[in-house]
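Please have the sequence and the three-dimensional view open side by side while reading. The paragraphs below go from the arrangement of the chains to single elements and one residue.

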2 protein chains.
Amino acid sequence: MDNATLKNLNHDTHTYQSFVPPNPIYIISSASIAGDKEGKGPIGKLFDFISEDNYFGCKNWEEAESELQKKAMEYAINKAGITENDLRLIFAGDLLAQSIASSFGLLNFPVPVVGVYGACSSLGLSLFLGAMSMTAGIGDYVACVTSSHFSSAEKEFRFPLAYGNQRPLSAHWTVTGSGAFILSKEPKSGNDVRLTGFTTGQIVDYGLKESLNMGACMAPAAADTIYRHFKDFNTSPQDYDKIITGDLGKVGKLALLDLLEAKGFDITDRHMDCGIEIYNIEAQDVHAGGSGCGCCAVTLSAFILKQIKEGLWKKVLFVPTGALLSKISHNEGQSVPGIAHAVVLEV
Amino acid sequence: MDNATLKNLNHDTHTYQSFVPPNPIYIISSASIAGDKEGKGPIGKLFDFISEDNYFGCKNWEEAESELQKKAMEYAINKAGITENDLRLIFAGDLLAQSIASSFGLLNFPVPVVGVYGACSSLGLSLFLGAMSMTAGIGDYVACVTSSHFSSAEKEFRFPLAYGNQRPLSAHWTVTGSGAFILSKEPKSGNDVRLTGFTTGQIVDYGLKESLNMGACMAPAAADTIYRHFKDFNTSPQDYDKIITGDLGKVGKLALLDLLEAKGFDITDRHMDCGIEIYNIEAQDVHAGGSGCGCCAVTLSAFILKQIKEGLWKKVLFVPTGALLSKISHNEGQSVPGIAHAVVLEV
């Protein structure tokens, strides 16, 4: 399907939000770097590198998160069989104020950096922009990388760890991890995963104000983007082997399924959430599940791409989800709007 | 010149960092919204809207900054003669943690939002991504918008205003303002300004740690991007009527001129800095000059585009400059790396 056909298919009144790269864009390599807790989770064995030390050899958590991004980039570049000089652009994002995990993590790469911010949906944005840049004819290789770190995120958004506050059951556990992806117009191997479609999301605000219930805050945006994706592409849930959200967790998942059912789509039998898959939720005591820019990034790299490459899933709708808040907006009584961007992955 | 020619021109060993849109991309409208102090500066009369109330009718500074972005978007959309539903994407950025000025300012536009972060260079990134998206065939219209607010920025990066700390002479005054730009592949009028080239910048770190001397921190990145631009396009300063940096201020300007002279380029007679132009520096007591994502945005919209449209300047190299720091990285003893992205503007 090309963009013209796609546009004509869209008979709804809403703004058209999707894009099909006219030429194939491949993920030719990827890497996942994770922390100790993530390494002990269900997909822990699949990560490229796990550190028992959550400081990753650094002096503080922010530098540790930068180190995560740096390492993820190095692994992905190596696995692609290229050098850093072959990269034309890096699309990068994280959750820290002024995106310092990216700024300091990517400092030494001799490559222009495009900082993106979509909270935990940033990986979706990065992949979209990466595919867009290749479509515009920019470079042979670009990289997309995002990260999060449990301790730097708690400090950034909530309470100092040493304060030991109680976390409600709706709270998420921010994933310590980073995933990096190298995109190219030429496949490196026969089963490289292709990025075949994108639906960029609007900011959606249901007025929820709970920063300790991010799943509920993000679910309306996820539902909106997935609904618009079905409408834009004239598809239904049955056209995808899996529909995978970023980090809705247990609470957000229920809200998503309900919201989509109200719009006429039942995705129950094929929905998966990276935030639920990445931990043994009960045993690891993570309450609603994992979250963060690193959550869907390491899960995509280590698990989802593997499933597609092995032929277990043919077509996947991957939907990173983000909660747009800061501690300032939260303390000033603002709501927590959500945003989500959908990416179609196929062999 | 097309991208292939451009690539062949590049005989240097550095990574190739430039892009020429194969088809014209026009800025068909723009708007500038500013605060009281900016309204009293040398280009104050040119702004579309000035508020004497720096809260812009809102409850706090962060909401005021969101209101700035919202208003800039509304003015730009109106001036373009389109509706918000005609926009395919909004590329937006600001300086606040987790980009909340953009998130809340753009909440009610029924358009997907791509959050960008390059500190005060974000407008350069937004215009680059906007041109890239149009080149990739996405939509008929996209918007680019950035903002900053003196009071929200001081709170975010430095000291509470009520504390009344002394500011060294190297300090900048963050501009209260927002500029929005509507891009299209079709011109709206005969003298619409075209975006004809881009050089995206690497992160450059000279190890400076002074968050109250942002000009010095950003100058090496500005010099690097401008140098690479000349090399990539095989041009020299004489090919541009003006070379305009975002917010280097008086200190950064001196450093930039020196650094470029050391690389063999003298831009003294045609360099201009938005941070120096926007205020009457001595009379308005702003020390080194203006800064912020809003500084170059309102100056581009109100003054630079006007000069080009009136035929006073034919070709301008516009280089928004950013300082990549947060209060956390600063307090942890990190340096303040810089980044700059260059945009060629022509009739």
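What follows is a walk through a predicted model, beginning with the two chains and ending at a single leucine.

The relation between the copies is a convenient place to begin. Chain A is superposed on chain B by a rotation of 180° with 0.0 Å of shift along its axis, at an RMSD of 0.0 Å, and this is the relation of a two-fold axis. The same surface serves both copies, since 100% of the contact residues of chain A recur in chain B.

Within chain A, strand E9, which covers residues 193–199, is mostly covered, with six of its seven residues buried. Three partner strands can be followed from here. Strand E1 (residues 18–19) of chain A runs antiparallel to E9(A) and is joined to it by two bridges, with A:Ser18 standing opposite A:Thr199. Strand E2 (residues 26–35) of chain A likewise pairs with E9(A) in the antiparallel sense over two bridges, and here A:Tyr26 has A:Arg194 as its bridge partner. Strand E16 (residues 342–346) of chain A is also antiparallel to E9(A), this time over five bridges, and A:Arg194 appears again, as the bridge partner of A:Glu346. A:Arg194 is thus a bridge partner of A:Tyr26 in E2(A) and of A:Glu346 in E16(A). When looking along these strands it helps to recall that in a regular strand the side chains alternate between the two faces of the sheet.

A parallel arrangement can be seen in chain B, where strand E4 (residues 87–93) has seven of its seven residues buried. Six bridges join E4(B) to strand E6 (residues 141–148) of chain B in the parallel sense, and B:Gly93 stands opposite B:Thr146 there. E4(B) also pairs in parallel with strand E5 (residues 113–116) of chain B, over three bridges, with B:Ile90 opposite B:Val113.

Turning to the helices of chain A, the axes of H7 (residues 214–233) and H8 (residues 249–262) come within 8 Å of each other and cross at roughly 35°, and the crossing is right-handed. The contact draws on residues of H7(A) including A:Ala219, A:Ala223 and A:Ile226, and on residues of H8(A) including A:Val251, A:Leu256 and A:Leu259. By class, this contact comprises twelve nonpolar and two polar residues, with no charged ones.

Why is helix H6 (residues 150–157) of chain A described as largely enclosed by the rest of the structure? The description holds because seven of its eight residues are buried, among them A:Phe150, A:Phe157 and the two glutamates A:Glu154 and A:Glu156. The cover over these buried residues includes helix H3 (61–80), strand E6 (141–148), strand E7 (172–174) and helix H11 (327–331) of chain A, together with H11 of chain B.

The last stop is B:Leu325, which lies in the loop between strand E14 (321–323) and helix H11 (327–331) of chain B. Is this residue buried or exposed? With a relative accessible area of 2%, B:Leu325 is buried, because buried here means under 20%. Leaving aside residues up to four places away in sequence, B:Leu325 touches A:Gln98 and A:Ile100 of chain A as well as B:Phe157, B:Ser211, B:Met214, B:His330 and B:Val336 of chain B. B:Lys45, by contrast, is 280 residues from B:Leu325 in sequence and 33 Å from it in space, C-alpha to C-alpha.

Methods: Residues are numbered from 1 along each chain as its sequence is written. Chains are lettered from A and ligands numbered from 1 in the order in which they are written. This is a predicted model: local features need pLDDT of at least 70, side-chain atom pairs count only at pLDDT 80 or more; totals for chains, interfaces and linings use all residues. Side-chain values use heavy atoms; hydrogens and water are left out. Buried means under 20% relative accessible area, exposed over 50%, partly exposed in between (1.4 Å probe, protein chains only). Helices (H or I, at least four residues) and strands (E, at least two) are DSSP runs, numbered from the N terminus. Two strands pair if DSSP finds at least two bridges between them. Axes are lines fitted to C-alpha atoms, for helices over the stretch in contact, and angles run from 0 to 180 degrees between N-to-C directions. A crossing is left-handed if the near helix is turned anticlockwise from the far one by less than a right angle, and right-handed if clockwise. Contact means heavy atoms within 4.5 Å. Ala, Val, Leu, Ile, Met, Phe, Trp, Tyr, Cys and Pro count as nonpolar, Asp, Glu, Lys and Arg as charged, and the others, Gly among them, as polar. Copies are superposed by least squares on the C-alpha atoms of residues with pLDDT of at least 70 in both.
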